[in-house]
Amino acid sequence: MSGRSLYDLYMGAAAAVREHDATCATCSPVRRCPPGHRFYAELVRLQDDYLAQQAKRP
């Protein structure tokens with residue numbers, strides 16, 4: 001298992017989306033280029049996983 005926590009992975013994915021969005025002339029909030037779509041899909045997956053993990057905490 002990686003040394004990075006789920007939170008770290010989630011924040012890394014969010015940073016990757018922000019970085020891509022800042023440099024991509026094609027992406028917009030409603031439409032994404034193929035690489036932008038992959039970054040965003042990974043962010044959504046990690047966000048869902050992180051929020052599910054948080055919901056299980058006492």
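A salt bridge is a side-chain nitrogen of Lys or Arg within 4 Å of a carboxyl oxygen of Asp or Glu. The exercises below apply this and related rules to a predicted model.

**Exercise 1. Work out which residues pair with arginine 45 in salt bridges, and how these residues are placed in the helix.**

*Step 1.* The side chains of arginine 45 and aspartate 49 come together with N and O 3.1 Å apart, and because the cut-off is 4 Å, this pair qualifies as a salt bridge.

*Step 2.* Arginine 45 also meets glutamate 42, where the N to O distance is 2.8 Å, so that this pair too satisfies the limit of 4 Å.

*Step 3.* As for placement, glutamate 42 and arginine 45 both belong to helix H2 and lie three residues apart, about one turn of the helix, while arginine 45 and aspartate 49 are separated by about one helical turn because they are four residues apart in H2.

*Step 4.* Taken together, Glu42, Arg45 and Asp49 are linked in a network of salt bridges. Each member is partly exposed, with a relative accessible area of 40% for arginine 45, 35% for glutamate 42 and 34% for aspartate 49.

**Exercise 2. Find the salt bridge that links distant parts of the chain, and state where its two residues lie.**

*Step 1.* The count of salt bridges comes to three, and one of them joins aspartate 21 to arginine 32, with the closest N and O atoms 2.8 Å apart.

*Step 2.* Aspartate 21 sits in helix H1, whereas arginine 32 is in the loop between H1 and H2, 11 residues apart, and the pair therefore links distant parts of the chain.

*Step 3.* Both residues are partly exposed, since the relative accessibility is 32% for aspartate 21 and the relative accessible area is 22% for arginine 32.

**Exercise 3. Decide how many disulfides the model contains, and examine cysteine 24 and cysteine 33.**

*Step 1.* The rule asks for a pair of cysteine sulfur atoms within 2.5 Å, and by this rule the count is zero.

*Step 2.* For cysteine 24, the nearest cysteine sulfur is that of cysteine 27, at 3.7 Å, and cysteine 24 is in no disulfide. For cysteine 33, the nearest cysteine sulfur likewise belongs to cysteine 27, at 3.6 Å, and cysteine 33 is in no disulfide.

*Step 3.* Cysteine 24 counts as buried because its relative accessibility is 18%, and cysteine 33 is buried with a relative accessible area of 11%.

*Step 4.* Histidine 20, which is found in helix H1 (residues 6–23), has cysteine 27 and cysteine 33 among its contacts, together with Pro35, Gly36 and Phe39, once neighbours within four places in sequence are set aside. Histidine 20 is itself counted as buried, because its relative accessibility is 14%.

**Exercise 4. Identify the residues of the largest nonpolar core, and say which helices supply them.**

*Step 1.* The largest nonpolar core has seven residues in all, namely Tyr10, Ala13, Ala14, Val17, Leu43, Leu46 and Tyr50.

*Step 2.* Helix H1 and helix H2 (34–56) each supply at least two residues of this core, and the largest share, four residues, comes from H1.

*Step 3.* Leucine 43 shows how the core is joined, for when residues up to four places away in sequence are not counted, leucine 43 touches Tyr10, Ala13, Ala14 and Val17. As background, in soluble globular proteins nonpolar side chains tend to be buried together.

Technical notes
Residues numbered from 1 in each chain as written. Predicted model: local features only at pLDDT ≥ 70, side-chain atom pairs only at ≥ 80, totals over all residues. Heavy atoms only, no water. Buried < 20%, exposed > 50% of the residue type's maximum accessible area, 1.4 Å probe, protein only. Contact = heavy atoms within 4.5 Å. Core = buried A, V, L, I, M, F, W, Y, C linked by side-chain atoms within 4.5 Å.
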